Amino acid sequence: MADSCEARMEKTIASLKDSFNTIRTGRANASIFDKVRVDYYGTKTPLNQVATIQIPEARSVIIQPFDKSLITEIEKAIQVADLGFNPSNDGKVIRITIPALTADRRKELVKQAKNMAENSRTAIRNIRRDGNDEFKKQQKAGDLTEDGLKAETDKLQKLTDKYIDEINKIYDSKEKEILQN
């Protein structure tokens, strides 16, 4: 039971890291475009499957479509994704200059990251609660002794503390990254 709880906690951490990758900082990063979907012959397709994303400098991105006819669709998809970018194309590639973040925008992004981290902490606590409920059921059924119940709940609490600490470290790191000039 503790193993399945730990696996679920690992997935929560992975999900948080993925979510944090989509938060834009002042630097160019290909993962910013992970949520961008391009209309590719009637199908919403991830941008990285229809184009290459290159980061030649810290504040610029070049997107080169595999199919040149998609250039306007890609441009539209980036604008619809509301990332705060103004893409321009020269017929072959799309160039994006990433503007520096304003102080207000940085505060907004920190708040967004804080909410994501809190949601992850809540998810970890819910996993702990589910595990404890399962242990109590096992004890009622006679599969777990009183001492066994205590040992399992203590082990689950240690796991919970470990993963909440990890979430705090990930959040602190992202906060520093966002606030960095």
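User: Which strands do the buried residues of H2 pack against?

Analyst: This is a predicted model, in which local features need pLDDT of at least 70 and side-chain atom pairs count only at pLDDT 80 or more, while totals for chains, interfaces and linings use all residues. Residues are numbered from 1 along each chain as its sequence is written, and side-chain values use heavy atoms, with hydrogens and water left out. Helices (H or I, at least four residues) and strands (E, at least two) are DSSP runs numbered from the N terminus, and contact means heavy atoms within 4.5 Å. The buried residues of H2 pack against E1, E3 (51-57), E4 (60-65), E5 and E6 (94-97).

User: Which residues of H2 are buried, and where do they lie around the helix axis?

Analyst: A residue is buried under 20% relative accessible area, exposed over 50% and partly exposed in between, using a 1.4 Å probe and protein chains only. In H2, this applies to Ile 71, Ile 74, Glu 75, Ala 77 and Ile 78. Seen down the axis of H2, the buried residues fall within an arc of 160°, so they line one face of the helix; the arc is that of the directions from the helix axis to the C-beta atoms. After H2 comes Asp 82, with a positive phi near 55°.

User: How many bridges join E1 to E2, and how many pair E3 with E4?

Analyst: Two strands pair if DSSP finds at least two bridges between them. E1 and E2 (residues 43-46) run antiparallel and are joined by four bridges, with Thr 45 in E2 as the bridge partner of Val 38. These strands form a hairpin with two residues between them, and Tyr 41 in the turn has a positive phi of about 50°. E3 and E4 pair in the antiparallel sense over five bridges, where Gln 54 has Ile 62 in E4 as its bridge partner, and E3 and E4 form a hairpin with two residues between them.

User: What describes a pair of aromatic rings, and how many such pairs does a search of the whole structure find?

Analyst: A pair of aromatic rings is described by the distance of the centres and the angle of the planes. Rings of Phe, Tyr and Trp (its six-membered ring) pair if their centres lie within 6.5 Å, and planes under 30 degrees apart count as stacked, over 60 as edge-to-face and the rest as tilted. The search of the whole structure finds two aromatic pairs. In the pair of Phe 33 and Phe 85, the ring centres are 5.8 Å apart and the planes lie at 40°, so the pair is tilted. Phe 33 lies in the loop between H1 (2-21) and E1 (37-40), and Phe 85 in the loop between H2 (71-80) and E5 (88-89), so the pair ties together parts that are 52 residues apart in sequence. Both Phe 33 and Phe 85 are buried.

User: At what angle do the axes of H1 and H3 cross?

Analyst: Axes are lines fitted to C-alpha atoms, for helices over the stretch in contact, and angles run from 0 to 180 degrees between N-to-C directions. Angles under 35 degrees count as roughly parallel, over 145 as roughly antiparallel, 65 to 115 as roughly perpendicular and the rest as oblique. The axes of H1 and H3 (residues 103-140) come within 10 Å and cross at roughly 170°, and the two helices are therefore roughly antiparallel. Among the H1 residues that make the contact are Thr 12 and Phe 20.

User: Are Thr 12 and Phe 20 buried or exposed?

Analyst: Thr 12 is buried, with a relative accessible area of 12%, and Phe 20 is buried at 4% relative accessibility. Not counting residues up to four places away in sequence, Thr 12 touches Ser 120, Ala 123, Ile 124 and Ile 127, whereas Phe 20 touches residues including Ala 113, Met 116 and Tyr 171.
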